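I wanted a quick look at how the parts of this model meet. My notes follow the order in which I looked things up.

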Amino acid sequence: MASVTFKSVTKCYGEFVALRELDIEIGDREFLVFVGPSGCGKTTTLRLLAGLDSVTTGDIYIGDRRVNELASRDRDIAMVFQSYALYPHMTVYDNMAFSLELQGLGKGDIQQRVQRAAQQMGLEDLLHRKPKELSGGQRQRVAVCRAIVRNPAVFLMDEPLSNLDAQLRVQARTEISRLHRELESTFIYVTHDQVEAMTMGTRIAILNQGVLQQIDRPEAIYNRPKNKFVAGFIGSPAMNFFDGALVEMADQLWFKSDALSLPLPPPTLPQYQRYVGQRVICGLRPEDIHDGRYLPPDMVTAPLKGTITHTESMGHEVIVYLTLGDGQSCAARVDRRSTLALSDRVELTVNTAVLHLFDPHTEEAIS
Amino acid sequence: MPPWLTRTPVHLALVTLSLLWTLPSLGLLISSLRPPADVISSGWWTVFQHPFEFTQYSLENYRAVLSAAGMGQALLNSFTIAIPATVMPIAIAAFAAYALAWMEFPGRQWLFLAIVTLLVVPLQMTFIPLLRAYGNLGLTGTFAGVWLAHTGYSLPLGIYLLCNYIQALPKDLVEAAAVDGATHWAIFTRLIVPLSMPAIASFAVFQFLWVWNDLLVALVFLGGTPTVAPLTITLTNLVGSRGQDWHLLTAGAFVTMTVPLLVFFALQRYFVRGLLAGSVKG
Amino acid sequence: MVVFSKIGMAVLAILVGSGGVVALFYGANALVERFAPGQFKGRILPWVYLAPALLLLLAYLVIPTVLTVYVSLLDARSQSFVGLNNYSSLFADPGMGEAFRNNIFWLVGVTGISVSLGLLIAVLADRVRYEPLPKTLIFLPMAISFVGASVIWKFIYAFRPAGTAQIGLLNGVITSLGFEPVGWLVERSLNNFALIAIMIWLQTGFCMVLLSAAVKGIPQEIIEAARIDGANEAQIFWRIVVPMIRSTILVVSTTIVLLVLKVFDIVYVMTAGNQGTEVIASRMFKEMFSFRHYGRGSAIAVLLLLAVIPIMVVNIREFRHPNPTR
């Protein structure tokens, strides 16, 4: 059980900066998820922590121990690889026993620990199989099991679910969350899938182009994204962005574009004051645009007019894509009873209490 | 034309070629089983006049060649030369290949390239200086001298083959082992060697046969000493000294061929792969 | 028992030779793990694993090659510097000219015939159900040493004066047809071809196996597409099959060329290079051991190296980037 600390860690591959000045403190027993588009530096971060690559500058601590020069085997970590990396010539049992043997444990001890871990993951019947005789889901469980049998201070997982089909993935997600509760140790998890990040992490760290964008609890990331990248990355369909300006009319702040005119809620007045009369970007989540006929109660609203260009009925909801009067397009997630049809000119309703405003130059949230 | 007729030339050609390719070895085998007087007085094909008259066959020639002509000692010598001359290059090449493929040190790529370049050097290029050095060191005519020579000569090919194979093993496996607590030694012995067995076996079969069938290296480094001469040298001497003793020659030739033929039939798969892989040997 | 003590000695030698090298690595690794300070362990270990290989390569290939080039510029006993005299005397020497000429015969004959025969057998065998049988029989000689093969063929070429019973197969056939027996290994117009035939017998199987693998690697759909486009079997062979396995043909041919350039055993055992059958490698052996002229022996080796380099480059390049269609 241990905390993990990155102190201004930078990693360069030649000219390419894979990770820039990363500062993170990960508490004991936390489940931290690194998420971001491919090439953002999340896997690099994990590999640095695992000791599979060495940092260019900065320090990494596991607990109080600086581990920069420590070999992987001395860091008290276990890792689940995207490809699972099961040793193909060993049985499931031997795969799990391998690290224990290397630690010099006795045969009896090893057997006991392997059995217990196998029980935890429901693998008792597969212990004598070779990896190639297992299904994809079984292999993934063996990979996880091989990590837990070591009882390490920190678990590292590199996209462990990306090779599973959709149904198994949901199952495996709950299983890993359960393990985290039962084992009470630190999990560090890398994924490009925002659903995994939102559902599993106690905190999420979002990376882009080697730079940490935001680290916070999942709901905070969703509700208060720190910049346009985070706002656009988390949420599906992605947040709509509109270019426009902030204007003050009759003691009320408005976001105005050629096609939109949205009043900002009064309590936000002071923080936006210095942007009055300037260009801003307005972010609006698809789920905050409603079909006026099925409106939740008690909502401050404003109209949004456009032509529907595409609809996707998901069963439990309908996603409509429309083009506004000024040519900007946007997506809305509306009630499943909606009967909006292609090419309809419609007027939808915006919940103005949850607008996000961004500085168009820095793309930072205005707050 | 009916289809079987159009295919007749194909069958005919294949059968003819197969027969043509088999006849020489068949002749040798039959002759080696005939009494010495018969071998020199009539063609071996005359046995087919009454092939099942078993009195015309005997193993006498084999007994004679193994004891009297020194083939027994030579057989032992061939094993004594070929086994270490196979194990040594495998071990040395495998360690080097692992270092080149999975350990980090400056000049790694460059070193690999330099080793591959050595594939072009014909053995003949090395004989004269080595012979002189062997003379000074007293290695001429010793098993150790031949082992080392065969090992040195086979290393470029061995490292090239094994490195290509070991490099292609999934990186994740090696890293998983490192995270699991394995040292380089453990990764090499517990992971790399078992997983590289197909490549190692191919190289082993190739190298063993190459050494077993080699005449040139043995002639150069062992000279004429009969106590260390392998089968190839002893058989060559038989041809020279007793070229008219056909019964001994044929049996002797067959003795040299038994082990490669056994390897061929038992390990055909590795044998073919080894040959393909070894086709770049210098 | 003498036999048992001999076997015992052999086993002992094998154990010492094979076990020694493994023990060497184990010991060196243990030493580094135990005594090298942590910082340096990672830097030393690769060189520990590489050291035996590098030492042997230096001792057996690099240094001797350099020395041979140097010795080729010295006189017979390596006592005084003679410049390129060894080379010029080689080119002026009729014996050497004969060796070069013969080697070219060998190159053309063995490469041409065994590659074409190998391809023919590969394609033919692909069409019959008993494919493995002819392939095994033709491949089998690959397991036989050049020396063993030489004895086999000495027996084929055996010559007895006319009137006596022939024991050599070839003369047996000829005399039964009513001709005079022929001294295959003595007649200057024939003996080189007799030797070349041995090499063809040995190497056709090798060509066949590689080419057969390449032929089988051609996707069936391509052949079927050609057939639908109206190609007959011959056209399919020349316009589809041969171009598609071009790179394998090249690898096989260059491999045979390399082998033939250095051919030694067959000539040495069959004729010892007499009666006009000398080749480059047997000539070198003679310069070294019969004439004790190290300068010229080395010069021949250098010529061999120069001939090998371009072929080897082609070979390795093709070997590393095999057929692009697969």
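**Entry 1: the two domains of chain C**

I counted zero residue pairs in polar contact between domain 1 of chain C and domain 2 of chain C, with both residues required to be at pLDDT 80 or more. That cut-off applies here as the model is predicted. I then looked for salt bridges across the interface of domain 1 of chain C and domain 2 of chain C, and found zero.

What classes of residue does domain 1 of chain C bring to the side that touches domain 2 of chain C? I noted two nonpolar, two polar and no charged residues. A salt bridge needs a side-chain nitrogen of Lys or Arg and a carboxyl oxygen of Asp or Glu. With no charged residues on the domain 1 side of chain C, the zero for salt bridges follows, because Lys, Arg, Asp and Glu are the residues classed as charged.

I checked the bounds next. The domain assignment puts domain 1 of chain C at 2-71 and domain 2 of chain C at 86-320. Their centres, taken over C-alpha atoms, lie 37 Å apart. Four residues of domain 1 of chain C touch seven residues of domain 2 of chain C. Together the two domains of chain C bury about 340 Å², with 75% of it on carbon and sulfur atoms. On the domain 1 side, T68(C), V69(C) and V71(C) account for 91% of the buried area, more than any other three residues.

**Entry 2: chain B against chain A**

I moved on to the contact between chains. Chain B gives 17 residues and chain A gives 22 residues. The pair buries about 1,700 Å², 63% of it on carbon and sulfur atoms. In chain B, the residues that lose the most area to chain A are V179(B), D180(B) and R190(B), together 40% of what that side buries.

How many salt bridges join chain B and chain A? I found four. One residue from the area list returns here: R190(B) pairs with E101(A), the closest N and O atoms being 3.0 Å apart. I also logged eight residue pairs in polar contact across this interface, both residues at pLDDT 80 or more.

Two elements of chain B, α10 (171-179) and α11 (184-195), give two or more residues to the side that touches chain A. The most come from α10(B), with eight residues. By class, this side of chain B has ten nonpolar, two polar and five charged residues.

**Entry 3: a hairpin in chain A**

Last, I looked at β9 (residues 203-208) and β10 (residues 211-216) of chain A. They run antiparallel and are joined by five bridges. I204(A) has D216(A) in β10(A) as its bridge partner. Two residues lie between the strands of this hairpin, and Q209(A) takes a positive phi near 50 degrees.

Methods
Residues are numbered from 1 along each chain as its sequence is written. Chains are lettered from A and ligands numbered from 1 in the order in which they are written. This is a predicted model: local features need pLDDT of at least 70, side-chain atom pairs count only at pLDDT 80 or more; totals for chains, interfaces and linings use all residues. Side-chain values use heavy atoms; hydrogens and water are left out. Contact means heavy atoms within 4.5 Å. Buried area is the accessible area (1.4 Å probe) that two parts lose on being put together, summed over both. A polar contact is a pair of N or O atoms within 3.5 Å; within protein, one must be able to donate a hydrogen and the other to accept it, and residues adjacent in sequence count only if both atoms are side-chain atoms. Helices (H or I, at least four residues) and strands (E, at least two) are DSSP runs, numbered from the N terminus. Two strands pair if DSSP finds at least two bridges between them. Domain bounds come from an automatic or database domain assignment.
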